[in-house]
Amino acid sequence: ARLSGDREEARVDVGDETYELELTDRDDGRRVYSNEDGVELTVGEGEAYLRIPGGSDFQDCERT
């Protein structure tokens, strides 16, 4: 996952798929990025979780 400089957008690479996500929620140091297809990336203190509807969920995502 790559966050933009202002942390308003995230780009997530998953194998052969790339998702462009926008910040949709912020709460207690946690940020949630999502798109209109329901892909959701939650970034917290030292951890990240990616959820893809109808696909895989990924824990412990790495920031690049």
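Which residue in S6 is the bridge partner of leucine 41? The partner is leucine 50, and this pair is a good place to start a tour of the model.

## What you are looking at

This is a predicted model, in which local features need pLDDT of at least 70, side-chain atom pairs count only at pLDDT 80 or more, and totals for chains, interfaces and linings use all residues. Residues are numbered from 1 along each chain as its sequence is written, and side-chain values use heavy atoms, with hydrogens and water left out.

The protein chain averages a pLDDT of 88, and 94% of the residues score at least 70; pLDDT is the predictor's confidence in each residue, from 0 to 100. Confidence is highest in S4, at 95, and lowest in S7, at a mean of 81. Where pLDDT is low, the predicted coordinates should not be read in detail.

## Overall shape

The protein chain has seven strands and zero helices. Both kinds of element are DSSP runs numbered from the N terminus: helices are H or I with at least four residues, strands are E with at least two. The radius of gyration of the protein chain is 11 Å, close to the 11 Å that the globule rule gives for 64 residues, so the chain is as compact as a globular protein of that length. For reference, this radius is taken over C-alpha atoms, and the rule is 2.2 Å times the number of residues to the power 0.38.

Along its principal axes, the C-alpha trace spans about 30 × 25 × 20 Å. Of the 64 residues, 25% count as buried. Here buried means under 20% relative accessible area, exposed means over 50%, and partly exposed lies in between (1.4 Å probe, protein chains only).

## The sheet, strand by strand

The strands form an open sheet of seven with the order S1-S2-S3-S4-S5-S6-S7 and antiparallel pairing. Two strands pair if DSSP finds at least two bridges between them. At the edges are strand S1 (2–3) and S7, each of which pairs on one side only.

Now follow the later strands. S4 and S5 are antiparallel over four bridges, S5 and S6 over five, and S6 and S7 (residues 57–59) over three. The hairpin of S5 and S6 has two residues between the strands, and glycine 46 in its turn has a positive phi of about 75°. In the hairpin of S6 and S7 there are five residues between the strands, and glycine 54 in that turn also has a positive phi of about 75°.

## Leucine 50 and the core

Leucine 50 has neighbours in two strands: leucine 41 is its bridge partner, and phenylalanine 58 in S7 stands opposite it. Side chains alternate along S6: Ala48 and Leu50 are buried and point to one face, whereas Glu47, Tyr49 and Arg51 point to the other and are not buried.

The largest nonpolar core has 13 residues, and those with the most contacts inside it are Val12, Tyr19, Leu21, Tyr33, Leu41 and Leu50. Such a core is a set of buried Ala, Val, Leu, Ile, Met, Phe, Trp, Tyr and Cys residues joined through side-chain atoms within 4.5 Å. Strand S2 (9–14), strand S3 (17–27), S5 and strand S6 (47–51) each supply at least two residues of this core.

## Serine 34 and asparagine 35

Serine 34 is found in strand S4 and stands opposite glutamate 40 in S5. At 18% relative accessibility, serine 34 counts as buried. Its side chain makes a polar contact with the side chain of threonine 24 at 3.2 Å. A polar contact is a pair of N or O atoms within 3.5 Å; within protein, one must be able to donate a hydrogen and the other to accept it, and residues adjacent in sequence count only if both atoms are side-chain atoms.

Next comes asparagine 35, in the loop between strand S4 (30–34) and strand S5 (40–44). The side chain of asparagine 35 reaches the backbone nitrogen of aspartate 37 at 3.0 Å and that of valine 39 at 3.1 Å. Not counting residues up to four places away in sequence, asparagine 35 touches Tyr19, Glu20 and Leu21, where contact means heavy atoms within 4.5 Å. Asparagine 35 and glutamate 22 are 13 residues apart in sequence and 6.4 Å apart in space, C-alpha to C-alpha.
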